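Reader: I would like a close look at a single part of this model. Please start with one strand and then work outward from there.

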Amino acid sequence: LENSKYAENTIVMLWGDHGWHLGEKLKFRKAALWREATQLPFIVYVPGMTNGKECNRNVNLQDMYPTLIDLCDLPEKELLDGTSIKPLLKNPKKKWTPAVTTQGKGNHSVITEKWHYIVHGKRNGEELYNLEKDPMEWNNLAYEDDKEVLKIKAELMAWLKSYLPELEAEEV
């Protein structure tokens, strides 16, 4: 690409498959909402970038199309899922919104750089992990009677409900 006539007008997005469980936490395959099974590498190159920067913000793959529209200065589309991550390409440390993942009916996850909150359908439990202290998500804090835990759960559930309005009607 570097030596072609397209080097100055080609955006490259490279991503990999998400993780896999091989017996960890008694799980097999990808059917879980833990980071190990949901996160993947994602690399973006935009013409004019002089050096790479690492960004630890969580984004979704559905953000790719709005990002390409934004980077190419194309007209915005109506009713488009996802959010352009162009601001993160300019400033990888920019404050960002949590990312939401859904796996099957009623199973949702909302993740920030520090916290990962998972809800399992109606009355089937919840999980909360402090990713700074427990990056492998072994210590579920969701049922601790701790002010910080209760505050974080409420904030992340509010974000989840704002992102997925149908949750308001469910008993989560």
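What follows starts at strand β6, then moves to its loops, the salt bridges, a buried acid and a surface patch.

Author: Keep in mind that this is a predicted model. Start with β6, which covers residues 107–111. Is this strand enclosed or open? Of its 5 residues, 4 are buried, so the rest of the structure largely encloses β6.

Now look at its neighbours. On one side of the pairing list is strand β5, residues 99–102. β5 and β6 run antiparallel, and 4 bridges join them. To find one such bridge, go to V100: its partner in β6 is V110. The two strands form a hairpin, with 4 residues between them. G104 sits in that turn. Its phi is positive, about 75°.

The other partner is strand β7, residues 115–120. Here 5 bridges make the connection, and again the strands run antiparallel. I111 of β6 has H116 of β7 as its bridge partner. This pair of strands is a hairpin too, with 3 residues between β6 and β7. So β6 pairs with β5 and with β7, because bridges join it to each. One general point helps when you look along a strand. Side chains in a regular strand alternate between the two faces of the sheet.

Next, stay with the loop after β6. K114 lies there, between β6 and β7. What does K114 form with E132? The two make a salt bridge, with their closest N and O atoms 4.0 Å apart. The pair links distant parts of the chain, 18 residues apart. E132 belongs to the loop between β8 (126–130) and α4 (147–163). K114 is partly exposed, at 27% relative accessible area. E132 is exposed, at 57%.

Strand β8 also has a salt bridge to helix α4. E126 in β8 and K153 in α4 tie together parts that are 27 residues apart in sequence. Their side chains meet at 2.9 Å, N to O. Both E126 and K153 are buried.

Helix α4 holds another pair. K151 and E155 form a salt bridge at 3.4 Å, N to O. They are 4 residues apart in the helix, so about one helical turn separates them. K151 is exposed, with a relative accessible area of 52%. E155 reaches 41%, which makes it partly exposed. Shared partners also build a network: salt bridges join K114, E132 and E148 into one. In the whole structure, the search finds 5 salt bridges.

Now compare a charged residue without such a partner. D63 is in the loop between β4 and α2 (64–71). D63 is buried, yet it has no salt bridge. What is the nearest side chain of opposite charge? It is R57, and R57 is 12 Å away. A salt bridge needs a separation within 4 Å, so R57 does not qualify. D63 does have a polar neighbour. A polar atom of its side chain lies 2.8 Å from the backbone nitrogen of T83.

Finish at the surface. L1, Y6, V12, L14, I43 and Y45 make a nonpolar patch of about 570 Å². Which strands supply at least two of its residues each? They are β1 (12–15) and β4 (42–45). L1 comes from the segment before β1.

Conventions:
Residues numbered from 1 in each chain as written. Predicted model: local features only at pLDDT ≥ 70, side-chain atom pairs only at ≥ 80, totals over all residues. Heavy atoms only, no water. Patch = residues over 30% accessible without salt bridge, like charges linked within 9 Å, V, L, I, M, F, W, Y side chains within 5 Å. Areas by Shrake-Rupley, 256 points an atom, 1.4 Å probe, with all protein chains shown as cover. Buried < 20%, exposed > 50% of the residue type's maximum accessible area, 1.4 Å probe, protein only. Lys, Arg positive; Asp, Glu negative; His and termini not counted. Polar contact = N/O pair within 3.5 Å; in protein donor to acceptor, adjacent residues only side chain to side chain.
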